[in-house]
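This report goes through selected features of one model, taking its sheets, core, ligand shell and some single residues in turn.

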Amino acid sequence: MPYTDVIGAGREATPARTAVPRRLLMCRPSHYDVYYSINPWMQPEKPVDTGLALLQWERLRELYTSLGHTVEVIEPVPGLPDMVFAANGATVVDGKVLAARFRHMERTAEGPAYLSWFRRNGYQELLWPEFINEGEGDYLPVGRRILAGTGFRTDQRSHHEAQEFFGLPVTSLTLVNPRHYHLDTALSVLSDTEIMYWPEAFTPGSRAVLRELYPDALLATEQDAAVFGLNAFSDGYNVLLPQAASGLIEQLKARGFNPVGVDLSELLLAGGSVKCCTLELRDH
Ligand code: ARG
């Protein structure tokens, strides 16, 4: 047996992983439906089963609590069917709240609805922004850096506004595939230093930036990206993601994570899944 095998060369070192409990904000899909289309997933002629969406959403919420996370809920507003996608409601870092300003008029009322939840819940540093941004749909904090998407929804000028507001470096990334219109549909944060993403969703320049910053990132296949496998939530150990993303599930296991497959098929009809339904309240 060659010496290298004896010392274990060639085997991936898997770091010990610990789950860190999070505080999350979610919105029950009581008024969920698809009667307008603002992304290629949304086909108003296809029927939506709101009862099933509610069940799938409840299961996700229970899963979070069973894993030790705290889930707050915001009251859903009639006439705002996409409000279930809480990730778009704001971006919260160090207890500061950057409110969302939506691109499409169908969703504009969600911004003030989420902002008033933060006001009522004691948040003091709030910014009603000058530029369009769709919350954590396009802003993903990784440790002390914020990755920021643009191309479809969030205005690139918002990235500078976010950097000044949070006082953290914001890295702009440009999306090119309309089925991956938000950053959180093409990239997901696994820990303070690790991400996974689908390179083809980005411009060549943005791909190069991601390679530079995260040379060891987990790369998704087209198939896993297409089932929204990257619309995932990680607490540092447990990674909740669409169960159809079987390739990603294997890759995550190999890296020492605990992937948990979730079925949110009804919400996928509006172009959303696990992460879209989850806004992280980074209070400190
Ligand atoms: N129908 C919604 C939209 O197009 C889906 C939002 C999904 N949310 C997300 N964080 N990617 O705006």
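## The sheet of strands 9, 10 and 11

In this predicted model, one open sheet is built from three strands in the order 9-10-11, with mixed pairing. Its edge strands are strand 9 (187–189) and strand 11 (218–219), each of which pairs on one side only.

Strand 10 (residues 195–197) is parallel to strand 11, and two bridges connect them. Within this pair, Y197 lies opposite L219 of strand 11. Strands of a sheet pair through backbone hydrogen bonds, in either the parallel or the antiparallel sense.

## Y197 and the nonpolar core

Y197 also belongs to the largest nonpolar core, which has 76 residues. The members that touch the most others there are A86, A90, A186, Y197, L230, V274 and C277.

Which residues does Y197 contact, leaving aside neighbours within four places in sequence? They are A186, L187, L210, A217, L219, A220 and L230. L219 is thus listed among the contacts of Y197 and is also the residue opposite Y197 in strand 11. A186 and L230, both in contact with Y197, are themselves among the core members that touch the most other members.

## The sheet of strands 2, 1 and 15

Another open sheet has three strands in the order 2-1-15, again with mixed pairing. Strand 2 (70–73) and strand 15 (279–280) are at the edges and have a single partner strand each, so one side of each lacks a neighbour in the sheet.

Strand 1 (residues 23–26) runs parallel to strand 2, and the two are joined by four bridges. L25 has E72 as its bridge partner in strand 2, and M26 has V73. Between these two strands the chain passes through helix 2 (residues 50–66), forming a right-handed β-α-β crossover.

On the other pairing, strand 1 is antiparallel to strand 15, with two bridges between them. Here L24 is placed opposite E280 of strand 15. In a regular strand, side chains alternate between the two faces of the sheet.

## The ligand shell

How many residues surround the ligand? There are 16, and the closest are F85, G137, H182, G272 and C276. By class, the shell consists of six nonpolar, seven polar and three charged residues.

## Residues with positive phi

Most residues other than glycine have a negative phi. D94 has a positive value, near 55 degrees. D94 sits in the loop that links strand 3 (90–93) and strand 4 (96–99). Its C-beta neighbours inside 10 Å number 13, so D94 counts as partly exposed.

F228 is not a glycine either, and its phi is positive at about 70 degrees. F228 lies in the loop between helix 6 (222–226) and strand 12 (233–234). Is F228 buried or exposed? F228 counts as buried, because 27 C-beta neighbours fall inside 10 Å.

## E250 on helix 7

E250 is part of helix 7 (residues 246–254). This residue counts as exposed because it has 12 C-beta neighbours inside 10 Å, and the limit for that class is 12 or fewer.

E250 and R119 are 131 residues apart along the chain, and their C-alpha atoms are separated by 42 Å.

Methods. Residues are numbered from 1 along each chain as its sequence is written. This is a predicted model: local features need pLDDT of at least 70, side-chain atom pairs count only at pLDDT 80 or more; totals for chains, interfaces and linings use all residues. A residue is near a molecule or strand if its C-beta atom, placed from the backbone, lies within 6 Å of it. Ala, Val, Leu, Ile, Met, Phe, Trp, Tyr, Cys and Pro count as nonpolar, Asp, Glu, Lys and Arg as charged, and the others, Gly among them, as polar. Two strands pair if DSSP finds at least two bridges between them. A crossover is right-handed if, with the strands pointing away from the viewer, the path from the first strand over the helix to the second runs clockwise. A nonpolar core is a set of buried Ala, Val, Leu, Ile, Met, Phe, Trp, Tyr and Cys residues joined through C-beta atoms within 7 Å. A residue is buried if 20 or more other C-beta atoms lie within 10 Å of its own, exposed if 12 or fewer, and partly exposed in between; C-beta atoms are placed from the backbone. Two residues are in contact if their C-beta atoms, placed from the backbone, lie within 7 Å.
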